[in-house]
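Open your viewer and keep the selection box handy. We will walk from one stop to the next, and each stop says what to pick and what you will find there.

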Amino acid sequence: MNSNTDSYQKVAAITGAGRGNGRATAFELGKQGFSLFLGDIKADLLEETIGDLNSSGFKVSGGVYDASNLQDSDRFIKDIQEHYGNLDVFVNNAGASRPQSFPEVTEDMWDWTIDLNLKGPYFLMQQAAKIMTRQRSGSIINIASISAWGGKTSSPPYAIAKAGIVTMTVTAAVLLGQYGVRVNAIAPGIVNTHFHDEVDLLVGQQELGLQPGQLMQRAENDIPLGRLAESDDIASAVSFLASDASRYITGETITVGGGKSRL
């Protein structure tokens, strides 16, 4: 990361930054002195997050982008360049999952899941890397999932997409290392966010007949550290990979799962 002069402005961009892990990461990187450029598909959530960051004294800008849309990917990176001129850290965070069992997966569901969780992130990373290779520095951090290693999952296409993120990370790290660009991934476990609300409803309550929250409680009981992850746990790991403390780490996936590395 370029930090040779006091005047250099460190810039971090984050997709899916309106809430959850993306929002927490924005605050964490803001605390580390980064100027921020945020993207999210939901304008109201993004506006709230940007407002809260501004109120906390952080330098932040951003806009509404669909991470699964390649035209939006191009626009996202171009807007970063126009606003700041450089890019030191890119957090490929946007993603989502809709519960669907293996025999019920449709082609439309497959395409939606892969486009958002694998295809979109690949091309966003590709565009971010163009800036970083010219700078000959940078850190790309892809958000995977412990579902990448298979086992139990409420969405087979999501698990497959996240497995692709892990491989994508290694491949990019090999190709970009010669330019001083590092590429790593974070594989969160079960995080206490809205992300799992639909799983709790459709799988826990409707499919298994459990009470609200009971599915997540069962999951929590199976974690060695005895609790679900919080968004700040993920943000802290991202912050490490964004910093010079991880300057000799590339091509790795760090599991942040409280000791539970497989579903």
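Is D72 buried or exposed? D72 is buried, because its relative accessible area is 16% and buried means under 20%, exposed over 50% and partly exposed in between, with a 1.4 Å probe and protein chains only.

Before moving on, note that this is a predicted model, in which local features need pLDDT of at least 70 and side-chain atom pairs count only at pLDDT 80 or more, while totals for chains, interfaces and linings use all residues. Residues are numbered from 1 along each chain as its sequence is written, and side-chain values use heavy atoms, with hydrogens and water left out.

**Stop 1: salt bridges**

Stay on D72 and add R75 to the selection. Their side chains meet in a salt bridge at 3.3 Å, N to O; the term stands for a side-chain nitrogen of Lys or Arg within 4 Å of a carboxyl oxygen of Asp or Glu. Both residues lie in helix α3, three residues apart, about one turn of the helix. Helices here are DSSP runs of H or I with at least four residues, strands are runs of E with at least two, and both are numbered from the N terminus. R75 counts as partly exposed, at 36% relative accessibility.

The rule gives four salt bridges. Next, select D52 and R23, whose side chains form one of them at 2.8 Å, N to O. D52 sits in helix α2 (residues 43–55) and R23 in helix α1 (residues 20–31), so this pair ties together parts that are 29 residues apart in sequence. D52 is partly exposed at 27% relative accessibility, and R23 is partly exposed at 25%.

Then pick D233 and R227, which meet in a salt bridge at 2.9 Å, N to O. D233 is partly exposed at 26%, and R227 is partly exposed at 41%.

**Stop 2: helix α4**

Select residues 107–135. Helix α4 has 29 residues and reaches 40 Å from its first C-alpha to its last, close to the expected 42 Å, a span worked out as 1.5 Å times one less than the number of residues. Where does α4 bend? Centre on D115: the bend there is about 50 degrees, taken as the angle between axes fitted to the seven residues ending at a residue and the seven starting there. Just after α4, R136 has a positive phi of about 60 degrees.

**Stop 3: the core**

Show F76, I80, L87, F90 and I140 as sticks. Of the 32 residues in the largest nonpolar core, these touch the most other members. Such a core is a set of buried Ala, Val, Leu, Ile, Met, Phe, Trp, Tyr and Cys residues joined through side-chain atoms within 4.5 Å. The elements giving two or more residues to this core are β1 (11–14), α3 (70–83), α4, α5 and β6 (181–188). The largest share, seven residues, comes from α4.

**Stop 4: the surface and a loop**

Now select V170, V174 and L175, which make a nonpolar surface patch of about 280 Å². L175 is in helix α5 (residues 156–176) and counts as exposed at 53% relative accessibility.

Finally, select S154, in the loop between β5 (138–143) and α5. S154 is partly exposed, at 23% relative accessibility. Draw a distance from its C-alpha to that of G63: the two residues are 91 apart along the chain, and those atoms are separated by 31 Å.

Key
Patches are made of residues with over 30% relative accessible area and no salt bridge: like charges are joined within 9 Å, nonpolar side chains (Val, Leu, Ile, Met, Phe, Trp, Tyr) within 5 Å. Accessible areas come from the Shrake-Rupley method with a 1.4 Å probe; for residues, only the protein chains shown count as cover.
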